[in-house]
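Dear colleague,

I am passing on the structure below, and my notes on it follow. Please read them with the coordinates open beside you.

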Amino acid sequence: MQEKVNDQIYVTIEFSKQGPKPQKFIWKNKEYDIKNINFVHQSKEGDTLLTHFSVSGKTDSYKITFNSKDLSWKLNEIYFT
Amino acid sequence: MEIERNILHIDFDSFFASVEQQANPLLRGKPIGVTGNSLTKGVVCAASIEAKRYGVKTGMPLFEAKKLCPNIIPVKGDFTKYQYIHEESLKIFNKYTNLVEPFSIDEAFLDITNTAKLFRSPENIAFLIKKDVFEHFGPYITCSIGIGPNKLMAKLVSDFNKPNGLFRVTKNNMNEVLKSVKLTDFCGIGPKINARLNSIGILNVKQLQDVDMETLYKEFGNLESRFLRNLSFGIGDTGIKNIEYNPEVKSIGHQHTLSKNTGDIGEIKSNLYRLSDMVGRRLRKKHLMGRTISIYLRDSDFKGLQQRITIKEHTDNSWKIFRTTTKLLNDMKWNRNTRLVGVSISNLVR
């Protein structure tokens, strides 16, 4: 199942040589661990660069996006079984 | 003596579906069909390898795909991902040659005639590209590569050994390859041309090689008959349109579908004003100016009319664009019920 969301989230990041790696995020006061980063891509909205991370936790998958203009994070999509 | 060229045709396997499976592990190993905006109707833009096993094909209506594969999972396509991979893969290909021609969002031709030796062999370049794709995008996104003396043969053999395949056709195995394929396997022979070939008794490549040119000429005319005869011997175009990745825009335009049909010229003009302003803003933001200004109007029967004019000097001025579009509107003597209004500008300079 796929659910569209567009909520602001708070993300813990690890900065490594390969680039920033989201570790966990907080959504609606609940913490979600990120086990795998499956795919990373970028797009532009006007002059704003968006970096999209397709990630997965223990059971579910998520798409989260970093907005490089206002430095905010959003949870865009949840996929669950 | 003419050098035998080495052309690569790179084709991403089940592209949209593989990208979705890479991004979401819950979809891996399952039959999925990537759709447009709707998960319930429309067509399957791409089927995963698992769905293809049930006979699901690209372009098939979703309801038909569900009949063949009841467990198919419709997934909304995310075109920003596909565009990103397209652009990044062109950067990868440019590492191996500057002669890269994108053929579609998931296909490209590379001319590696002059660079193959730098990387030992054409096959080695193919392996290196596959390795780069794996490391860049992940294990679920794979490509099949055909190597041939021209684009026609490279494209033909990239379909051999799919997915994640590699095949090279040379002078030595050319005849075997040509014997093993159907006419419709060639890019350029669709169902209609195939039916016309069948109607003059040509059912396979050998018969196309042997048929006298006059028969072919009578059915297809000069250009097409020569193309078909050459194709039957594996002779094709080697020219790579050297389109290095260049996101330069050629035109800027906006259009708006009205909430209801209107015959009110004032309402059309107010839309032209808004659209001209949007076009002007984008020009100024990109530091561009244009000379050819077009308007496009579509009526309630979906019949469209476009009018354009090239002005004396380049402009990025919204007001000037609007004034030109209203002049075009007056010249068109448009008196139909209008559904859609569009404004664009081309002939751009920086």
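**Domains, cores and the chain contact**

The C-alpha centres of domain 1 and domain 3 of chain B lie 41 Å apart, with domain bounds that come from an automatic or database domain assignment. That assignment gives chain B domain 1 (7–14 + 83–168), domain 2 (15–79) and domain 3 (251–346).

This is a predicted model, in which local features need pLDDT of at least 70 and side-chain atom pairs count only at pLDDT 80 or more, while totals for chains, interfaces and linings use all residues. Residues are numbered from 1 along each chain as its sequence is written, and chains are lettered from A and ligands numbered from 1 in the order in which they are written.

The largest nonpolar core (buried Ala, Val, Leu, Ile, Met, Phe, Trp, Tyr and Cys residues joined through C-beta atoms within 7 Å; buried means 20 or more other C-beta atoms within 10 Å of a residue's own, with C-beta atoms placed from the backbone) has 73 residues, of which A:Ile64, B:Leu8, B:Leu110, B:Ile129 and B:Ile145 touch the most other members. Domains 1 and 2 of chain B both give residues to this core, so it lies between them. A second, separate core of 15 residues includes B:Leu275, B:Ile321, B:Leu328 and B:Val341.

Between the chains, the contact (C-beta atoms, placed from the backbone, within 7 Å) takes nine residues from chain B and ten residues from chain A. On the side of chain B that touches chain A, H4(B) gives the most, with three residues, helices here being DSSP runs of H or I, at least four residues, numbered from the N terminus.

With best regards

Technical notes: A residue is buried if 20 or more other C-beta atoms lie within 10 Å of its own, exposed if 12 or fewer, and partly exposed in between; C-beta atoms are placed from the backbone. Two residues are in contact if their C-beta atoms, placed from the backbone, lie within 7 Å. Helices (H or I, at least four residues) and strands (E, at least two) are DSSP runs, numbered from the N terminus.
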